[in-house]
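Here are my notes for a colleague who has not looked at this model before. Please read them with the structure open.

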Amino acid sequence: LRALGGEALWPPPAWLMRQAGRYLPEYRQVRANAGDFITLCTTPELAAEVTLQPIRRFGMEGAILFSDILMVPWALGQPLRFAEGEGPLLEPLRDAEAIAALDPAKLVARVAPILETVARVREGLATEAPRTTLIGFAGGCFTVACYMLEGRGSKEFAAARGLAYADPALFGRLIRTLQDATVEYLVAQAEAGAEALMLFDSWAGMLSPSQFRRWVIEPTAAITRALHRRCPGIPLIGFPRLAGPLLADYAARAGVDATAMDTSMDPRWAAQAVPPTMALQGNLDPQALVAGGAALEAEARSILAAMRGRPYVFNLGHGIVPQTPPEHVTALMRILRSA
């Protein structure tokens, strides 16, 4: 929280995106007992347990709520399931009627189990790791819209990008629905005990500069204004993945308290392009964590050198991958704490 508030700390605090997940044997055991993925996300005692697992094992300074960015469309009434080997599958939105059928009134009731998870984790951290910050999150509006319109993961997300050009009024209606729902969801997480929040716009970098400003920066700025008004003092981390040089525009205009860098971002450039009072987060390549050894240490120390002297939170540039050896995470934490 001190780093997100603009304080340059050394060594920096650290957490890892997807740190609660398939690389941990204790997670796999809980996942097997839960059945399907949505059940795991909406069973508070199980979701709280897997959120706390990496904190117990590695002692990160941040605990990220175990959930998924697609729980918002699920809560709005869009059918969702997770298929083994295929990832998320939604009933794709194909017309104005489908978008109009989304029901924001359902959201708070449907996410109640997730909010209970937040409360359970906050209580668990108070006992087990009182210096660890609980981070809640949601997906960025554009990224969530990509999945809602495509119905699944995609390399191009042509349905969303095409609609944004062909019918910006209709696409804007979906974005505004998601914008309002995301505010309510994040506010509810803060009220349940989240101490910081993060907005994952994983596919932001697929857009042209003009589209990026319209469908990533503008909705994020609206969400940030609402959050700062309703939850003063709760910092928001923005992650416009693959933004490239538009990261500077995002940092200046989106209103977020901290900006996360993806793996491809040069942290030395980001340190110059982003205001020195704004925290940066990132951006170790998850594959360096898989490799471990000298490669991991060299990459981590290079990022640390670029970030020293400014507000900074160490993290990956994308989520941890399932084949990551847990002992490499232990080695990374040792490197960070000896910085």
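1. The lining of the largest pocket divides by class into 20 nonpolar, 10 polar and 8 charged residues. The model is a predicted one, and the pocket in question holds about 1300 Å³ of space. Of its 38 lining residues, Arg 18, Arg 22, Phe 37, Asp 68 and Phe 82 are the closest to the centre.

2. Which elements give two or more residues to the lining of the largest pocket? They are helix 1 (25-34), strand 2 (80-83), strand 3 (87-90) and helix 8 (141-150). Helix 1 gives the most, with 3 residues.

3. The second largest pocket has about 580 Å³ of space. Lining it are 25 residues, and those closest to its centre are Leu 1, Leu 9, Pro 13, Glu 61 and Arg 131. By class, this lining has 17 nonpolar, 4 polar and 4 charged residues.

4. Two elements can be pointed out in the lining of the second largest pocket: strand 4 (133-139) and helix 16 (326-337) each supply at least two residues. Helix 16 has the largest share, 3 residues.

5. Now the enclosed space. The count comes to 1 cavity of 30 Å³ or more, and the largest cavity has a volume of about 30 Å³. Its lining consists of Ile 69, Val 72, Ala 138, Gly 139, Gly 140, Cys 141, Val 144, Leu 178 and Thr 182. Strand 4, helix 8 and helix 10 (168-192) are the elements that give two or more residues to this lining. Sorted by class, the cavity lining has 6 nonpolar and 3 polar residues, and no charged ones.

6. Cys 141, one of the residues that line the cavity, also belongs in a point about disulfides. How many disulfides does the structure hold? The number is 0. The closest cysteine sulfur to that of Cys 141 is in Cys 146, and the two do not bond because 11 Å is too far; a disulfide would need the sulfur atoms within 2.5 Å. Cys 146 likewise is in no disulfide, with the sulfur of Cys 141 as its nearest cysteine sulfur.

7. Are these two cysteines buried or exposed? Cys 141 has a relative accessible area of 3%, so it is buried, the cut-off for that class being under 20%. Cys 146 is also buried, at 0% relative accessibility.

8. Helix 12 covers residues 246-253, and its buried residues are Leu 246, Leu 247, Asp 249, Tyr 250 and Ala 251. The cover over these buried residues includes helix 11 (209-230), strand 6 (236-240), strand 7 (258-260) and helix 13 (267-273). After helix 12 comes Gly 255, which has a positive phi near 80°.

9. Some backbone geometry deserves a look. Most residues other than glycine have a negative phi, and most peptide bonds are trans. The peptide bond from Trp 10 to Pro 11 is cis, with omega near -5°; Pro 11 is located in the segment before helix 1. A cis peptide bond also runs from Gly 282 to Asn 283, where omega is near -20°. Asn 283 sits in strand 8, which covers residues 279-284.

10. Which residue in the loop between helix 8 and helix 9 (158-166) should be checked for its phi? Phe 157 is placed in that loop, and its phi is positive, about 50°, although it is not a glycine. With a relative accessibility of 0%, Phe 157 counts as buried.

11. Leu 242 is another residue other than glycine with a positive phi, here near 65°. The loop between strand 6 and helix 12 contains this leucine. Is Leu 242 buried or partly exposed? Its relative accessible area is 38%, so Leu 242 is partly exposed; that class lies between the 20% and 50% cut-offs.

How values were computed:
Residues are numbered from 1 along each chain as its sequence is written. This is a predicted model: local features need pLDDT of at least 70, side-chain atom pairs count only at pLDDT 80 or more; totals for chains, interfaces and linings use all residues. Side-chain values use heavy atoms; hydrogens and water are left out. On a 1 Å grid over the protein atoms alone, a cavity is a set of points where a 1.4 Å probe fits but cannot get out, and a pocket is an open set with protein on both sides within 12 Å along at least five of seven lines; lining residues have an atom within 4 Å of a point. Grid points are joined across faces, edges and corners, and a volume is the space filled by probe spheres set on the points. Helices (H or I, at least four residues) and strands (E, at least two) are DSSP runs, numbered from the N terminus. Ala, Val, Leu, Ile, Met, Phe, Trp, Tyr, Cys and Pro count as nonpolar, Asp, Glu, Lys and Arg as charged, and the others, Gly among them, as polar. Buried means under 20% relative accessible area, exposed over 50%, partly exposed in between (1.4 Å probe, protein chains only). Contact means heavy atoms within 4.5 Å.
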